[in-house]
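Got a minute to poke around a model together? Have a look first, and then we'll talk it through.

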Amino acid sequence: MTASQDPVISVESVSKWYGSVVAVNEVSFGIEPGVTGLLGPNGAGKTTLLKMIEGLAAPSDGAVTIFGETPRNNPDLFRRVGVMSEHEAVYGFQTGRQFVAWSAKLHGVTAIAEATARAIERVGLSDAQDRPLGTYSRGMRQRMRLAAAIVHEPEAIILDEPLNGTDPRQRIEFHDLMRQLADEGRTILISSHILEEVETLADRILLMVSGKLAASGDYRAIRAKLDEQPYNVRIVSSDPRRLAAALIELESIESVALGADNDVIVLSKNVAVLQRSLPRIAKDRGIRLERVEPLDESLESVFSYIVEG
Amino acid sequence: MAEIFLLSLRQLMGRWRVLVILLLAALPTLLVLLIRWIGEGDIAFHEEFVGLIIDVMITGGIMPIVTMTLAAAAFGNELEDKTLYYLVLKPVARLSIVAAKLLAVLVVALPLVVASGVAASALVGAEARILGTLALALAAGVTAYATIFTFAGLLTPRALAYGLVYVLVWEGLLSTIVSGVRYLSVRGYTLALLHGLDETGFSDLAERVIEFPAAIVGTSAVIVVFFLLALYRLRTMDVP
């Protein structure tokens with residue numbers, strides 16, 4: 001949707017510090033049309049970075065531009081940009097429709113009723129649009145806030161933790177809507193602290209850890225890098241001893257231990273190999289797998305692999 | 001701007017806030033009625049009424065507290081609820097946002113404070129000219145306080161608490177006992193405007209007011225400076 005070759009959103013050597021605390025440290029990247037996921041554990045600096053991209057906070061150093069313009073104190077830019085913050089508060093006395101129409105009016109939309117109806121339809125809340133927002137569930141509130149953020153058909157959309165409070169069905173619908181918006185040529189930046197929320201949706205991932213950009217690029221490339229890292233997995237099965245004996249034969253397995261609850265704790269050097277081998281080993285030996293769960297799948301540990309790697 | 005003004009108006013109409021300011025605004029009238037009911041004679045406009053009801057009760061208490069309660073909430077509520085981003089991430093000039101918020105405060109505070117003074121004064125037989133003067137001076141005082149506390153609401157989440165200390169200590173106590181403070185006091189300006197606009201009607205204030213031109217300059221300066229400060233703050237602050 002942009003005429004030039006420059007990234008839609010450009011972040012150049014951006015830092016933000018509060019006193020002696022560095023929240024964002026020398027982060028640079030450019031974002032093109034499509035869906036970009038900004039991932040990182042809680043406290044990684046994602047929200048601070050998004051606030052600077054949205055112009056809500058001034059960078060201590062560096063520069064942010066959207067469509068080549070600084071977003072700070074640049075109200076007119078937000079005719080082309082839609083934002084949904086992490087804060088879930090709404091004006092509880094407004095109905096969903098009033099809230100979205102209010103947003104449309106302030107964005108300078110001319111056909112307010114039509115735009116409002118279209119945005120609410122897109123998030124699937126037409127049936128609830130005349131109820132006060134104060135009576136909505138958390139997931140419904142999130143969806144209506146999303147409708148308010150896209151009611152003016154923005155070319156760039158910035159969403160901070162948009163899936164908080166949504167159920168699995170709503171997440172699927174959200175994914176479909178984001179893909180639809182991306183297919184229309186829009187630039188979408190979504191932040192999340194949950195890898196699974198964004199991995200299947202984003203064309204590109206930005207990983208933030210401790211205020212720094214730890215990795216960026218295609219999700220599969222990052223995932224491959226993750227797969228090469230040692231990984232602790234807990235396996236509950238019908239015959240843990242035989243399973244442990246079989247697993248230790250694998251080259252990618254660094255150690256195997258029997259747990260107290262009749263389970264096997266495996267430290268795998270390559271989780272992808274384990275994923276492929278485990279079902280075959282179990283089938284060949286007639287062992288029933290009851291549960292397979294990663295012990296360190298939190299983003300904190302996953303990201304620490306990347307940072308240390 | 002109309003959308004932000006209407007939203008702000010609705011935000012200011014919280015049940016408890018409205019109840020408190022209505023009760024405060026009704027106090028002078030209730031007091032006059034009480035004095036009439038329990039007293040042997042009637043209360044006159046001059047002497048004790050101007051000193052007690054208009055000076056101490058209205059300009060020293062009701063006007064600043066009612067205005068502060070509303071103005072501190074104008075941005076304070078948005079900051080507390082973290083909804084301010086809905087306003088600043090719209091293609092709306094910061095000037096329009098501050099103006100809309102201030103206007104919403106004035107639309108509620110002005111009629112209440114003016115009615116509070118005018119109704120009580122009318123009950124004790126004040127002439128139309130006095131009532132008009134009272135309305136004008138109180139309107140100027142409310143506008144000055146509204147800009148001060150609208151800015152304060154953007155500055156700190158404790159604007160109401162700090163504001164109360166300021167009203168009681170600076171405007172209430174110091175401006176009464178230290179004459180120089182009246183040059184830096186909205187209450188001082190309001191009383192001087194009353195006297196300057198109608199020296200005969202408010203002759204009881206002659207001994208304790210600053211010069212009329214100083215009051216006009218002071219009131220205008222407060223309104224302009226604090227409006228600009230609010231605008232500057234909204235432009236430069238990190239929005240939560």
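What follows is a short chat about this predicted model.

Visitor: How many helices and how many strands does chain B have?
Guide: Read from the N terminus, the elements of chain B go α-α-α-α-α-α-α-α-α. The tally for chain B is therefore 9 helices and 0 strands.

Visitor: What is the radius of gyration of chain B, and how does that sit with the globule rule?
Guide: For 240 residues the globule rule gives 18 Å, and chain B comes close to that, so it is as compact as a globular protein of that length. If you'd like extents too, the C-alpha trace spans about 60 × 35 × 30 Å along its principal axes. The radius of gyration itself is 18 Å.

Visitor: Of contacts in chain B between residues at least 6 apart in sequence, what share joins residues at least 24 apart?
Guide: Some background on burial: buried residues account for 46% of the 240 residues in chain B. As for contacts between residues at least 6 apart, the share joining residues at least 24 apart is 79%.

Visitor: Are helix 6 and helix 7 of chain B roughly parallel or oblique to each other?
Guide: Helix 6 covers residues 128-155 and helix 7 covers residues 159-177, and their axes are 9 Å apart. They pack at an angle of about 135°. Roughly antiparallel would take an angle over 145 degrees. Helix 6 and helix 7 of chain B are therefore oblique.

Visitor: How do the residues of that contact divide into nonpolar, polar and charged?
Guide: On the helix 6 side of chain B we have B:Phe149, B:Ala152, B:Gly153 and B:Leu155, and they meet B:Ala159, B:Tyr162 and B:Gly163 in helix 7. Gly counts as polar here. The split is 5 nonpolar, 2 polar and no charged.

Visitor: Which loop of chain B holds B:Lys82?
Guide: Most residues other than glycine have a negative phi. B:Lys82 has a positive one, near 60°. It lies in the loop between helix 3 (45-81) and helix 4 (84-88) of chain B.

Visitor: Is B:Lys82 buried or partly exposed?
Guide: Being buried takes 20 or more other C-beta atoms within 10 Å, and exposed means 12 or fewer. B:Lys82 has 15 C-beta neighbours inside 10 Å, so it counts as partly exposed.

Visitor: And in chain A, what is the phi of A:Glu153?
Guide: A:Glu153 is in the loop between helix 4 (138-150) and strand 6 (156-160) of chain A. With 17 other C-beta atoms within 10 Å, A:Glu153 is partly exposed. Although A:Glu153 is not a glycine, its phi is positive, at about 50°.

Methods. Residues are numbered from 1 along each chain as its sequence is written. Chains are lettered from A and ligands numbered from 1 in the order in which they are written. This is a predicted model: local features need pLDDT of at least 70, side-chain atom pairs count only at pLDDT 80 or more; totals for chains, interfaces and linings use all residues. Helices (H or I, at least four residues) and strands (E, at least two) are DSSP runs, numbered from the N terminus. The radius of gyration is taken over C-alpha atoms; the globule rule is 2.2 Å times the number of residues to the power 0.38. Two residues are in contact if their C-beta atoms, placed from the backbone, lie within 7 Å. Axes are lines fitted to C-alpha atoms, for helices over the stretch in contact, and angles run from 0 to 180 degrees between N-to-C directions. Angles under 35 degrees count as roughly parallel, over 145 as roughly antiparallel, 65 to 115 as roughly perpendicular and the rest as oblique.
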